[in-house]
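Got your viewer open? Let's take a short walk through this one, one selection at a time.

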Amino acid sequence: MLGDATDSAQLERVFKALDSLNRVRILRFLAGRLASVNDIATALDLPASTAALHIETLEEAGLIRTEFEPASRGLRKVAARKYDTIVIELPMAESPREHAVEQAMPIGAFVDCQIAPTCGLLSNSGIIGLLDDPASFYEPARAEAQLLWFRHGYVEYRFPNRLPTLAQPTSLQLSMEVCSEAPHHNADWPSDITTWVNG
């Protein structure tokens, strides 16, 4: 995958390597095989020196690897293709940040809940209230919660609408970390986790 994280010099080498019909032919010829420079030159009807230069360009781009192996007279250089697929991710236009409204909500800032044990809340300093006591979800300290769990039920959050006057929303993104498991009992506990927006 070639994209924004790829070094620009490496991108340039790959584009240069692919900007030649003969180099593309070499890559096609190397599909599923190891071949020497002379084999490639003969199969593609190229001078051996030209094939060697193309192979050097492909190797610099990281598209093939070469090694030396014993031959009847000394060593011979053989090449193999490193990738079957090359994906080039083109730059995407970023959404202007001034057109986005972000709102973070602490996990303990729910406005309503219906909880069934086993359940609990946990802050950085420890358990909030009592374990397996749904009433603990009404403790004032719940605002400091970093983790909450319950057997079944729900928690409800209300977010303030901070869109500018007359602005029309075009999309909504929610990001949260949720899981379904029973620690020390079953790491793949079957249950449904559902999110509703505005009912």
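How many bridges join S2 to strand S3? Select residues 75-81 for S3 and 64-70 for S2, and you can count seven bridges, with the two strands running antiparallel. Keep in mind as you click around that this is a predicted model.

**The sheet**

Add residues 34-36, which are strand S1. You now have an open sheet of three strands, in the order S1-S3-S2, with antiparallel pairing. S1 and S2 are the edge strands, each pairing on one side only. Ignoring direction, neighbouring strands here are turned by 35° against each other on average. If you switch on hydrogen bonds, recall that strands of a sheet pair through those of the backbone, either parallel or antiparallel.

For a specific pair, pick Arg65 and look across to S3: the bridge partner is Ala80.

**The helix across it**

Next, select residues 48-60. That's helix H4, and it lies across S2 and S3. Relative to S2, H4 runs at about 125°.

**Backbone oddities**

Step back from H4 into the loop that links it with helix H3 (37-43), and stop at Asp45. Asp45 isn't a glycine, yet its phi is positive, at about 55°. Is Asp45 buried or exposed? Its relative accessible area is 71%, so Asp45 counts as exposed.

Now jump to the segment after S6 and find Asn198. Here's another non-glycine residue with a positive phi, near 55°. Asn198 has a relative accessible area of 81%, so it is exposed as well.

One more backbone stop: where is the cis peptide bond that runs from Pro117 to Thr118? Select strand S4, residues 112-123, because that run is where Thr118 is found. Check omega for that bond and you should read a value near 10°.

**A greasy patch to finish**

Last selection: Leu172, Leu174, Met176, Val178, Ile193 and Val197. Show the surface and you'll see what they make together, a nonpolar patch of about 600 Å². Zoom in on Leu174, which lies in the segment after strand S6 (147-156). Why does Leu174 count as partly exposed? Its relative accessibility is 48%, and the partly exposed class sits between the buried limit of under 20% and the exposed limit of over 50%. Asn198, from the earlier stop, also lies in the segment after S6, so leave both on screen and compare 48% for Leu174 with 81% for Asn198.

Technical notes
Residues numbered from 1 in each chain as written. Predicted model: local features only at pLDDT ≥ 70, side-chain atom pairs only at ≥ 80, totals over all residues. Heavy atoms only, no water. Patch = residues over 30% accessible without salt bridge, like charges linked within 9 Å, V, L, I, M, F, W, Y side chains within 5 Å. Areas by Shrake-Rupley, 256 points an atom, 1.4 Å probe, with all protein chains shown as cover. Salt bridge = Lys/Arg side-chain N within 4 Å of Asp/Glu carboxyl O. Helix = DSSP H or I, 4+ residues; strand = E, 2+ residues; numbered from the N terminus. Buried < 20%, exposed > 50% of the residue type's maximum accessible area, 1.4 Å probe, protein only. Pairing = 2+ DSSP bridges. Axes fitted to C-alpha atoms, helices over the stretch in contact; angles between N-to-C directions. Contact = heavy atoms within 4.5 Å.
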